[in-house]
Amino acid sequence: MGSCLIKSCRFICLILTLPLHLMEITGLYGMYKRLFPLLAYNITFSYNDKMHKTKRDLFRNVGKFANPDGTLRLLEIGCGSGANFRFYPYGCTVICTDPNPHFEKYLRMSMEANKHLTYETFMVVSGEDMEKVENGSVDVVVCTLVLCSVRNVQEVLQEVRRILKPGGAFYFLEHVESDPSSWTFFFQHVFEPLWYYLGDGCMITKKTWRDIEAAGFSELHLKHIEAPKVSRMIRPHIMGYSIK
């Protein structure tokens, strides 16, 4: 798609989202951050139904990173309302983190529905700054549909490597930028300014696979997929895991 056409259409979208930008500057957008967890909680059911097989395949070998005594300590970055809990192995201990404290109500509901897990704590922290978590203290880190919204993907991945035990694993499932020759690429770049506000900071043109490839993990299993039955704008995904 022509870059001039994309830039022109994106500029029009930027103009149309100017009121939202002003709301963010003045602090009024904070009201939406209180509402967003409710929207995300309801969307979770539909997304999990569509992505059930994908998530099941992604997390099927999490248990192999358990300790010799069978314990498994898992930290989830951007846990939201707990959409991934149903896919974690029986008995593992989960540490929940999210920068939005308003998710906690819906997180507790998911905890009640997934009593096969042990929940250690819920921390209101960003993925770039998890200083409350000790070095080399978790066996697995999970991050799904989160790196699209963080300020700095490289800093998040540095934190992941810091808190993982040697031989621990980082699991990811993220939507990414589409192929430049596709109409999806065109629409992603045009409508990203609007999507940013509707998705609470979500950027849909990130090349996240490049950051993961350059993060310095000793082993990487990454593949590109087309997510089934989800919005065309976020259909291109990457999934896999890397080992420290």
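Here are four short exercises on helix packing and pockets in this predicted model.

**Exercise 1.** Work out how α3 and α5 are oriented to each other, and which residues bring them into contact.

*Solution.* Start with the two helices: α3 covers residues 30-50 and α5 covers residues 104-113. Their axes come within 9 Å and cross at roughly 30°. Angles under 35 degrees count as roughly parallel, so α3 is roughly parallel to α5. Next, look at the side of α3 that meets its partner: Pro-37, Leu-38 and Tyr-41 are in contact with Tyr-106, Met-109 and Ser-110 of α5. Sorted by class, this contact has 5 nonpolar residues, 1 polar residue and no charged ones.

**Exercise 2.** Describe the packing of α2 on α7, including the hand of the crossing.

*Solution.* Take the geometry to begin with: the axes of α2 (residues 18-26) and α7 (residues 183-198) come within 10 Å, with a crossing angle of roughly 40°. The two helices are therefore oblique to each other. Now for the hand: the crossing is left-handed. On the α2 side the contact is made by Leu-20, His-21 and Glu-24, and on the α7 side by Leu-194, Tyr-196 and Tyr-197. A class count gives 4 nonpolar, 1 polar and 1 charged residues.

**Exercise 3.** Find the largest pocket and say which element gives the most to its lining.

*Solution.* The volume to look for is about 1,400 Å³. Around this pocket there are 50 lining residues, and those nearest its centre are Phe-36, Leu-145, Cys-148, Ser-149 and Gly-199. Then assign the lining to elements: α3, α7 and β1 (73-77) each supply at least two residues. Of the elements, α3 gives the most, with 11 residues. To finish, split the lining by class, which yields 24 nonpolar, 16 polar and 10 charged residues.

**Exercise 4.** Repeat the analysis for the second largest pocket.

*Solution.* This pocket has a volume of about 190 Å³. It has 13 lining residues, of which Thr-44, Phe-45, Asn-48, Arg-86 and Ser-110 lie nearest the centre. The elements that give two or more residues to the lining are α3 and α5. Helix α3 gives the most, with 5 residues. By class, the lining divides into 6 nonpolar, 5 polar and 2 charged residues. As a last step, link back to the first exercise: Ser-110, one of the residues nearest the centre of this pocket, is also one of the α5 residues that meet α3.

Key
Residues are numbered from 1 along each chain as its sequence is written. This is a predicted model: local features need pLDDT of at least 70, side-chain atom pairs count only at pLDDT 80 or more; totals for chains, interfaces and linings use all residues. Side-chain values use heavy atoms; hydrogens and water are left out. Axes are lines fitted to C-alpha atoms, for helices over the stretch in contact, and angles run from 0 to 180 degrees between N-to-C directions. Helices (H or I, at least four residues) and strands (E, at least two) are DSSP runs, numbered from the N terminus. Angles under 35 degrees count as roughly parallel, over 145 as roughly antiparallel, 65 to 115 as roughly perpendicular and the rest as oblique. Contact means heavy atoms within 4.5 Å. Ala, Val, Leu, Ile, Met, Phe, Trp, Tyr, Cys and Pro count as nonpolar, Asp, Glu, Lys and Arg as charged, and the others, Gly among them, as polar. A crossing is left-handed if the near helix is turned anticlockwise from the far one by less than a right angle, and right-handed if clockwise. On a 1 Å grid over the protein atoms alone, a cavity is a set of points where a 1.4 Å probe fits but cannot get out, and a pocket is an open set with protein on both sides within 12 Å along at least five of seven lines; lining residues have an atom within 4 Å of a point. Grid points are joined across faces, edges and corners, and a volume is the space filled by probe spheres set on the points.
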